[in-house]
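Here is a friendly walk through a protein model, with its charged pairs as the starting point. Keep the picture in view as you read.

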Amino acid sequence: PFGRSYAAVAESMVKLLNGATVETSDLETTTASMRCRRCQFLYLGQGYELAGETSKAIAAYEAYLSEGFFDASLYELHLPAPAIHERLGVLYEVVGNQEKAAEHYREFARRWADADPQIQPRVEAAESKASALQG
């Protein structure tokens, strides 16, 4: 059942990539079948983003970041958090919320300040964007 729910979400994402709406892709139904609530928010955010539903993507990603659930078998769910902060920076810029965009860019940069050298240009870009948005 666990694998089938992930496969169903993947099918929904493919439908979205091919131009389906959130409703016709069954995104909300398939993510609701996942046993992990934090997973649901992560995939909802990605799906809403693919569908161009920026406000819903922001809400889902914020819920992903604030979800306190932790299952040791799903430790990898903590790994996308820095990148989600980066995505939220972009999405908040799209909706014109410069303060929230800067906040998320700064958090991304803080979390990946000591990342591998190939990531450093992204860290520097986030710091630069945060400074420009606050200026």
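Begin with R122, a residue that is partly exposed in this predicted model, with a relative accessible area of 32%. What does R122 form a salt bridge with? Its partner is E86, and the closest N and O atoms of the two are 2.4 Å apart. E86 is buried, at a relative accessible area of 17%. To find the pair in the picture, look for R122 in helix α8 (residues 120–134) and for E86 in helix α6 (residues 81–94). The two residues are 36 residues apart in sequence, so this salt bridge ties together separate parts of the chain.

**Salt bridges within one helix**

The structure holds seven salt bridges. Two of them involve E107, which pairs with R110 and also with R111. For E107 and R110, the closest N and O atoms are 2.5 Å apart. These two residues sit three residues apart in helix α7 (residues 98–111), so about one helical turn separates them. For E107 and R111, the closest N and O atoms are 2.7 Å apart. Here the spacing is four residues, again in helix α7, and again about one helical turn lies between the partners. Through shared partners, the salt bridges join E107, R110 and R111 into one network.

How open is each member of this network to its surroundings? E107 has 18% relative accessibility, and it counts as buried because the cut-off for that word is under 20%. R110, at 55%, counts as exposed, because that word is used for values over 50%. R111 has a relative accessible area of 39% and is partly exposed.

The three pairs described so far are set out here.

| Salt bridge | Closest N and O atoms |
|---|---|
| R122 and E86 | 2.4 Å |
| E107 and R110 | 2.5 Å |
| E107 and R111 | 2.7 Å |

**Charges across the whole protein**

Now step back from single pairs. The protein has 13 positive and 19 negative side chains. Where do the centres of the two sets lie relative to each other? They are 3 Å apart.

**The overall fold**

Which elements make up the chain? There are eight helices and zero strands, and reading along the sequence gives the pattern α-α-α-α-α-α-α-α. Along its principal axes, the C-alpha trace spans about 45 × 35 × 25 Å. The radius of gyration is 16 Å, which agrees with the value near 14 Å that a compact globule of 135 residues would have.

What share of the contacts with a separation of 6 or more comes from residues 24 or more positions apart? Such residues account for 49% of them.

**Inside and outside**

Buried residues make up 39% of the 135 residues in the protein. On the outside, the protein exposes about 7,400 Å², and carbon and sulfur atoms supply 53% of that area.

For one example of a buried residue, find S5 in helix α1 (residues 2–17). S5 has a relative accessible area of 7%, and it is called buried because that value is under 20%. Which residues is S5 in contact with, once its neighbours within four places in sequence are left aside? They are T30, S33 and M34.

To go back to the start, the salt bridge of R122 and E86 links helix α8 with helix α6, whereas E107, R110 and R111 form one network.

Note on methods. Residues numbered from 1 in each chain as written. Predicted model: local features only at pLDDT ≥ 70, side-chain atom pairs only at ≥ 80, totals over all residues. Heavy atoms only, no water. Salt bridge = Lys/Arg side-chain N within 4 Å of Asp/Glu carboxyl O. Buried < 20%, exposed > 50% of the residue type's maximum accessible area, 1.4 Å probe, protein only. Rg over C-alpha atoms; globule rule 2.2 N^0.38 Å. Contact = heavy atoms within 4.5 Å. Areas by Shrake-Rupley, 256 points an atom, 1.4 Å probe, with all protein chains shown as cover. Lys, Arg positive; Asp, Glu negative; His and termini not counted. Charge placed at Lys NZ, Arg CZ, Asp CG, Glu CD.
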